[in-house]
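Subject: Structure handover

Hello,

Below is the structure I said I would pass on. Please open it next to this message and follow along; my notes come after it.

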Amino acid sequence: MNVPRLVIAAPSSGSGKTTVATGLMAAFAERGLAVSPHKAGPDYIDPGYHALATGRPGRNLDAFMCGPELVGPLFAHGAAGCDLAVVEGVMGLYDGAAGRGELASTAQVAKLLRAPVVLVVDASSQSRSVAALVHGFASFDPQVRLGGVILNKVGSDRHEAMLREALEEAGMPVLGVMRRAPQVATPSRHLGLVPVAERRADAVAAVAALAEQVRAGCDLDALMALARTAPALECEPWSAEEAVTPVGGPRPRPVVAVAGGPAFTFSYAEHAELLRAAGAEVVTFDPLHDEALPEGTSGLVIGGGFPEVYAPELSANEPLRKAVADFAAAGGPVAAECAGLLYLARSLDGKPMCGVLDADARMSERLTLGYREAVAVSDSSLAAAGTRLRGHEFHRTVVEPGAGAAPAWGFTHPERRVEGFVRQGVHASYLHTHWAAQPSVARRFAEAAAAHR
């Protein structure tokens, strides 16, 4: 496939990648282009803003969880039929999985996609030194093609002139200059930006402001010209239909209810696509407001999010808590990740939850963050014992105990421990996984839902 594409990177976190990437997506979409949004790494929140900017699902490209071999196919799947693809990087350009070299870095994703890189540089405390910084990033890995720089937090016309002069000496094009300005209203809290679903109207306004900021400071024509220099990508698009075979048996298809709404915003688009390809009907429900599971529910997926922010409201919805508990008690298949784990516990910060698990959850001061290598310890509706997966943890809560009599996963790297709960049809864990890396997970869950129906 030959889709024009750009990777938006930075020397470090906090340089303005999300501002520039989201603003570019929105600005190009306003021109009438079909823009495909992507995010390097596992982050769930930024893709929500990307989706708002483009009207298309924000998709993750994670070489650790899915393997380098799937980065190109997953990109091609998301970008099919688009005029432009924009990939927001993660951390600094060359930062990846700890102790694994370039694995899961923005640089690796750029090389796998054969895409030019635009470096967003926080220029607020430098002038001529910017050339040395950019030269270092451009020359560190000759296979990474740095196509230009966007200067962020520039203080004045004189400051801009000094920066441009230094970069001209270094032979690096300046594709945009963004002045110091009050931050566009994208509020954050303990795990990053506040998700779009929690502040829809404000998020729409914030994305519009980002587009205006980028339009005013960036050369969109030059950026599009750079994107068009990306050569053809020689890989077949990933296909959920080719990854799994549908579950047989009588119609209608098993209904898999997926938790959504403001409290459960973390999901990868490919999960629902795989469940549908495996023969399930996917229906979304909101545990904050819906008092019953969708009609005919025979499988339940409760992904990540921020239930700790909504603990009183979730607790107050007693009819749904009872419906979830009854479904689990009847042996219904339940796949719960992180936020889902908290919701299935007896309590969260003292507020009663579903009581499916003999465990209690609470907020803590410690952030747990990082990639994990895991093996399924117990047979479950999600994975057969011995199934190996890579995933990530991202939470500031604690569940006590941390594992049940039948744990969900045994972590093999970076530390060895067991984690999570398997009980009847329930699989609950802190581990976030990307099912495209192991499509048998979706097939097995759809089979369990069909059998429970």
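Ring pairs join Tyr44, Phe266, Tyr268 and Phe306 into a cluster. Please keep in mind that this is a predicted model.

**Aromatic pairs**

In total, the structure holds 7 aromatic pairs. One of them is formed by Tyr94 and Phe137, which are stacked, with 5.9 Å from centre to centre and 25° between the planes. This pair links distant parts of the chain: Tyr94 is in the loop between strand S4 (84-88) and helix H4 (106-113), while Phe137 is in helix H5 (residues 129-140), 43 residues apart. Are these two residues buried or exposed? Tyr94 has a relative accessible area of 18%, and Phe137 has one of 16%. The cut-off for buried is under 20%, so both values qualify.

Phe266 and Phe306, from the cluster above, make an edge-to-face pair, because their planes stand at 80° with the ring centres 5.5 Å apart. This pair also links distant parts of the chain, 40 residues apart. Phe266 sits in the loop between strand S10 (255-259) and helix H10 (269-277), and Phe306 sits in the loop between strand S12 (297-302) and helix H11 (311-316). Both Phe266 and Phe306 are buried.

Helix H10 has buried residues of its own: Glu270, His271, Glu273, Leu274, Leu275 and Ala277. After H10 comes Gly279, which has a positive phi, near 110°.

**The parallel sheet**

As general background, the strands of a sheet pair through backbone hydrogen bonds, either parallel or antiparallel.

One open sheet has 7 strands in the order S3-S2-S4-S1-S5-S6-S7, with parallel pairing. Strand S3 (59-61) and strand S7 (174-179) each have a single partner strand, so they stand at the edges with one side left without a neighbour in the sheet. From one strand to the next, the twist averages 25°.

Within this sheet, strand S1 (residues 5-9) and strand S5 (residues 117-122) pair in the parallel sense over 3 bridges. Which residue of S5 is the bridge partner of Ala9? The partner is Leu119. Helix H6 (residues 157-169) packs on the sheet and touches strand S6 (146-154) and S7. The direction of H6 makes about 160° with that of S6.

**The mixed sheet**

Another open sheet has 6 strands in the order S11-S10-S12-S13-S21-S20, and its pairing is mixed. Its edges are strand S11 (281-285) and strand S20 (421-423); each has a single partner strand, so one side of each has no neighbour in the sheet. Neighbouring strands here are turned by 15° against each other on average, direction ignored.

S10 and S11 pair in the parallel sense over 5 bridges, and Val258 stands opposite Thr284 in S11. Helix H12 (residues 318-329) packs on this sheet, where H12 touches S11, S12, strand S13 (334-337) and S21. The direction of H12 makes about 110° with that of S12. Helix H14 (residues 440-452) lies across S10, S12 and S13, and runs at about 145° to S12.

Strand S21 (residues 426-429) contains His427. His427 is buried, with a relative accessible area of 3%. What does His427 contact, leaving aside its neighbours within four places in sequence? The contacts are Val334, Ala335, Ala336, Ser380, Leu382, Ala408, Trp409, Phe421 and Val422.

**Antiparallel strands**

Strand S16 (residues 360-376) and strand S18 (residues 409-413) pair in the antiparallel sense over 4 bridges, and Glu373 stands opposite His413 in S18. S18 also pairs in the antiparallel sense with strand S19 (residues 417-419), over 3 bridges. Gly410 stands opposite Val418 in S19. S18 and S19 form a hairpin, with 3 residues between them.

**Helix H8**

Helix H8 (residues 220-227) has Leu220, Leu223, Met224, Leu226 and Ala227 as its buried residues. Why are they on the same side of H8? The reason is that they cover an arc of only 160° around the axis. At the N-terminal end of H8, Asp219 acts as the cap: one of its side-chain oxygens lies 3.3 Å from the backbone nitrogen of Asp221.

Regards

Technical notes:
Residues numbered from 1 in each chain as written. Predicted model: local features only at pLDDT ≥ 70, side-chain atom pairs only at ≥ 80, totals over all residues. Heavy atoms only, no water. Buried < 20%, exposed > 50% of the residue type's maximum accessible area, 1.4 Å probe, protein only. Helix = DSSP H or I, 4+ residues; strand = E, 2+ residues; numbered from the N terminus. Arc of directions from axis to C-beta. Polar contact = N/O pair within 3.5 Å; in protein donor to acceptor, adjacent residues only side chain to side chain. Pairing = 2+ DSSP bridges. Axes fitted to C-alpha atoms, helices over the stretch in contact; angles between N-to-C directions. Contact = heavy atoms within 4.5 Å. Phe/Tyr/Trp six-rings, centres within 6.5 Å; stacked < 30°, edge-to-face > 60°.
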